10 protein chains.
Amino acid sequence: MAQIETFPNPAPQRPYTIKHVNPEFTSVCPITGLPDFATISVKYVPDAICIELKSLKYYYLEFRNQGIFYEAITNKILDDLVAACDPLEMEVTSEWTTRGGIHSIITAKHTRSE
Amino acid sequence: MAQIETFPNPAPQRPYTIKHVNPEFTSVCPITGLPDFATISVKYVPDAICIELKSLKYYYLEFRNQGIFYEAITNKILDDLVAACDPLEMEVTSEWTTRGGIHSIITAKHTRSE
Amino acid sequence: MAQIETFPNPAPQRPYTIKHVNPEFTSVCPITGLPDFATISVKYVPDAICIELKSLKYYYLEFRNQGIFYEAITNKILDDLVAACDPLEMEVTSEWTTRGGIHSIITAKHTRSE
Amino acid sequence: MAQIETFPNPAPQRPYTIKHVNPEFTSVCPITGLPDFATISVKYVPDAICIELKSLKYYYLEFRNQGIFYEAITNKILDDLVAACDPLEMEVTSEWTTRGGIHSIITAKHTRSE
Amino acid sequence: MAQIETFPNPAPQRPYTIKHVNPEFTSVCPITGLPDFATISVKYVPDAICIELKSLKYYYLEFRNQGIFYEAITNKILDDLVAACDPLEMEVTSEWTTRGGIHSIITAKHTRSE
Amino acid sequence: MAQIETFPNPAPQRPYTIKHVNPEFTSVCPITGLPDFATISVKYVPDAICIELKSLKYYYLEFRNQGIFYEAITNKILDDLVAACDPLEMEVTSEWTTRGGIHSIITAKHTRSE
Amino acid sequence: MAQIETFPNPAPQRPYTIKHVNPEFTSVCPITGLPDFATISVKYVPDAICIELKSLKYYYLEFRNQGIFYEAITNKILDDLVAACDPLEMEVTSEWTTRGGIHSIITAKHTRSE
Amino acid sequence: MAQIETFPNPAPQRPYTIKHVNPEFTSVCPITGLPDFATISVKYVPDAICIELKSLKYYYLEFRNQGIFYEAITNKILDDLVAACDPLEMEVTSEWTTRGGIHSIITAKHTRSE
Amino acid sequence: MAQIETFPNPAPQRPYTIKHVNPEFTSVCPITGLPDFATISVKYVPDAICIELKSLKYYYLEFRNQGIFYEAITNKILDDLVAACDPLEMEVTSEWTTRGGIHSIITAKHTRSE
Amino acid sequence: MAQIETFPNPAPQRPYTIKHVNPEFTSVCPITGLPDFATISVKYVPDAICIELKSLKYYYLEFRNQGIFYEAITNKILDDLVAACDPLEMEVTSEWTTRGGIHSIITAKHTRSE
């Protein structure tokens with residue numbers, strides 16, 4: 001996978017919230033081989049380091065031709081980004097375009113255990 | 001009724017939320033025999049298993065020519081889906097198009113008793 | 001007044017929420033004799049019985065040529081519907097179209113005392 | 001019927017357009033006796049005289065408890081207002097709220113024959 | 001098929017436009033057997049007779065369990081309604097919900113040949 | 001200032017909420033002498049008396065040619081209306097149109113001390 | 001009245017369109033003495049000179065406490081601005097907030113006679 | 001390229017319009033190698049044959065990993081679809097998501113020369 | 001000024017339309033020295049060459065700290081882009097954020113003289 | 001930096017909320033040198049003094065040609081404004097336009113420690 005770059009949190013003196021919204025996410029359905037489209041939102045409270053935006057874009061591009069389920073993608077992005085920046089809190093939401101007349105929204109959250 | 005298929009939760013390590021929204025639900029009014037139209041939303045926190053999306057679509061299709069009241073449908077969907085996947089929590093909302101100048105929204109929630 | 005019909009709650013095993021929204025309510029201002037227009041929303045948690053939708057429509061029609069104030073209508077609807085179905089909770093909201101450049105929203109809530 | 005008041009056109013030197021939109025029109029269905037609701041728009045190019053706004057409001061109020069069809073109302077308003085102010089052109093549009101799952105829009109136009 | 005009822009045009013003295021919009025149309029895909037959903041709009045200039053609204057609703061209900069293509073439905077509705085009321089002009093538009101990531105709009109128009 | 005009229009609360013048996021929204025408020029900037037425009041919302045829980053709507057309109061008109069700051073107006077309206085009706089709770093919000101590329105929202109709340 | 005300032009058209013080599021939209025117009029009803037609110041739009045094709053924006057704002061402010069009818073204001077603004085800049089074409093539209101449940105839009109147009 | 005399937009026009013007796021809108025189109029920028037996203041709309045008047053919807057979806061999928069410019073894609077789709085069904089008229093529009101702060105819309109039209 | 005790059009029109013066989021919309025344009029008011037903000041739209045029918053998107057972005061950046069009037073910018077952009085690509089037709093529209101309570105839209109069009 | 005002016009809180013008798021929203025903020029990306037655009041919202045509960053609106057506008061203008069990251073700007077504005085007016089609470093939110101297909105929202109909050 002593409003490396004998620006980070007940079008030092010410029011305001012470590014206070015907890016605050018960063019949200020990155022990507023309406024251009026696409027992956028492939030592992031059953032049908034057809035593309036899926038989603039908006040992925042990442043909201044987190046940084047601790048010592050922040051996620052660099054350009055590397056986040058390249059990380060998302062890795063999924064373009066991968067076959068993977070909605071629920072698995074959402075949790076994998078949360079796992080990967082938590083591993084990359086060890087935030088105080090992070091929430092990942094994926095909102096998928098209509099398939100079979102149904103659209104889906106998945107939300108997963110991590111809170112750092114003390 | 002159509003069988004609701006399931007698959008193993010790919011992220012059992014954390015509670016997270018899945019929401020499936022179907023704006024194409026239709027059933028029949030048991031009094032007048034005329035069709036009703038609704039958007040059905042299911043939001044749940046899976047435990048060991050998740051609901052498979054295609055079977056959910058076929059489950060909804062079973063109501064197309066059934067005569068059943070708003071309040072009964074909403075609670076029946078909740079009962080059936082809870083029985084199918086035994087979630088930690090589940091909420092079903094049905095939003096109905098206008099009848100007699102009035103539109104209705106029904107919401108029912110299940111929380112697993114410990 | 002028109003009789004509010006009821007039917008047995010099809011899911012008495014759990015508390016759940018029913019909301020009926022009527023954007024076609026009209027009554028008459030008791031001062032000017034001119035018509036007022038509102039959207040009336042009723043949201044409630046049924047106990048043993050539910051409100052029947054068609055009788056609710058006829059109940060609202062009774063106000064069409066009555067002179068009555070915003071605050072009084074909202075509370076009267078709440079009183080009448082609570083009397084009709086003895087719910088666990090009920091909230092009535094009326095949203096009025098502009099009069100004298102001002103529009104108004106009135107909200108009243110009943111919770112069954114144990 | 002209420003008298004439609006008029007006043008002299010303050011700018012007879014040029015043709016220009018006046019549009020009055022009333023989202024609070026209501027009448028009664030002649031078949032069911034139930035109320036209908038519409039937005040009525042009147043757009044016209046005045047000649048020597050203009051329609052006074054307050055009398056237009058009272059004119060609309062006359063329909064509140066009358067039983068009359070959509071197509072007939074729209075053409076009657078056009079006939080009455082043309083008779084009242086003899087405009088160069090006039091168009092009346094009525095947009096009705098949903099009945100039986102269908103909503104309707106009726107448009108009728110008058111152009112002064114030379 | 002259900003009979004389309006008509007009534008005499010109440011304003012034969014002028015050409016004017018009637019539009020009926022039905023957002024609750026559903027039929028069945030002849031290939032997959034799955035339901036399709038559409039908003040059907042009919043706009044016409046009546047000559048001697050108008051389409052009765054309630055019979056139009058029942059006419060649409062006949063398609064609920066029929067297998068038929070988008071293009072064919074749109075033209076069939078136009079043919080049937082033209083046959084029923086012989087209008088000066090009529091236009092039928094069908095707007096379909098998303099299938100395979102694509103949504104479709106079909107428009108067909110009839111003008112009476114002199 | 002114009003007198004704020006009141007009337008007896010028609011439902012003193014329960015606390016409930018009344019909201020009056022005025023999108024047509026205007027006053028004058030005390031520095032530049034230029035007009036300011038705002039939407040003023042008053043939300044309150046009445047005790048024994050309610051605010052009469054027409055007198056509220058006339059009260060707002062008094063500000064039309066007064067020079068006064070955003071923060072001061074919002075708190076003055078709250079003070080004046082609390083003095084007029086002694087509510088259980090009241091909240092006043094003013095939302096101002098853009099000045100210098102910035103638009104402002106001020107919210108002040110009163111809760112009756114027991 | 002305030003003087004409408006002008007400046008030389010910077011592109012006299014081609015006809016082009018300038019539109020200034022003012023959502024903060026207010027005047028006074030000559031009958032009731034109560035304020036009216038409108039959005040005034042001026043769209044014109046300049047010839048040798050253009051209207052200066054700040055003086056246009058001050059020109060509008062002159063109406064703040066004047067009693068004048070909708071139709072008269074719209075035509076007066078057109079007359080005044082045509083006199084100030086002698087454009088090839090100019091159109092003035094005023095859209096008024098609701099009075100008596102009705103809102104109005106007036107449009108007047110000037111084309112330079114050759 | 002994927003084959004575009006067709007079927008006989010079910011209403012060859014009249015010209016009518018078919019529009020297919022695909023908000024899930026994606027291709028690759030030939031300069032940067034990064035993905036582009038667009039909504040592609042095809043509107044046409046069929047002659048003897050119509051475009052089959054499922055094969056249209058597969059045709060669009062062929063662009064997923066191709067490097068090609070906005071202007072070229074739009075004209076290529078028009079060329080390919082005209083070749084496939086020889087329509088009386090066809091218009092293709094592509095609306096692209098923001099790149100470098102700018103979003104683009106390209107429209108190309110074909111009319112059958114007699 | 002930055003050089004506007006071009007590339008050969010990939011579809012010279014037909015006239016078609018290209019539109020580039022930039023909601024992030026900013027320049028400086030020559031009177032006050034304060035920044036202005038606009039959305040600039042360029043719509044054109046190319047002849048032999050097209051405007052390259054990245055160089056268009058850099059061209060717009062040149063205005064960031066320039067003092068220039070709305071009417072002059074709009075016509076200058078049209079002049080510069082016509083000079084760069086000699087299109088069959090081009091239209092430039094600038095929509096400016098509110099200043100002094102008024103927002104403005106300027107539209108200028110070029111058609112190649114034969 | 002520009003001086004942030006303040007004035008005495010006109011209502012020190014109660015805590016209340018002031019929100020200033022600026023949709024016209026622009027700064028420069030320190031990596032690429034290209035401009036960034038944001039809406040900056042400041043919401044605070046004043047203690048003894050309030051922020052003067054015109055000086056806030058000039059303070060924001062200082063960032064126009066500065067190279068600085070999203071996270072750093074948001075926290076710097078919070079630090080500067082807290083230093084200027086020592087509020088009981090303050091929250092700063094910055095919402096950025098799309099870069100690389102991703103848009104970002106940063107929120108930082110200060111609460112006065114007792």
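This report describes how several chains of a predicted model are related and how chain F meets chain C.

## Relations between copies

Two copies of a chain are related by a rotation about an axis and a shift along it. In this model, chain H is superposed on chain I by a rotation of 72 degrees with 0.0 Å of shift along the axis, and the RMSD is 0.0 Å. That is the relation of a five-fold axis.

For chain F and chain C, a rotation of 72 degrees with 0.0 Å of shift along its axis likewise brings chain F onto chain C, with an RMSD of 0.0 Å.

## The contact between chains F and C

Chain F gives 16 residues to this contact, while chain C gives 15 residues. On the side of chain F that touches chain C, the elements that supply two or more residues are β2 (16-28) and α1 (53-61) of chain F, and the largest share, 8 residues, comes from β2(F). By character, the residues of that side of chain F divide into 8 nonpolar, 3 polar and 5 charged.

The strand β2(F) also pairs across the contact, being joined by 6 bridges to strand β6 (residues 103-111) of chain C, and the two strands run antiparallel. Within this pairing, Thr107(C) has Thr17(F) as its bridge partner in β2(F).

## Chains that do not touch

Chain D and chain H are joined by no contact, and their closest C-alpha atoms lie 23 Å apart. Chain B and chain J do not touch either, with their nearest C-alpha atoms 23 Å apart.

Key
Residues numbered from 1 in each chain as written. Chains lettered and ligands numbered in written order. Predicted model: local features only at pLDDT ≥ 70, side-chain atom pairs only at ≥ 80, totals over all residues. Least-squares fit on C-alpha atoms with pLDDT ≥ 70 in both. Contact = placed C-beta atoms within 7 Å. Helix = DSSP H or I, 4+ residues; strand = E, 2+ residues; numbered from the N terminus. Nonpolar A, V, L, I, M, F, W, Y, C, P; charged D, E, K, R; others polar. Pairing = 2+ DSSP bridges.
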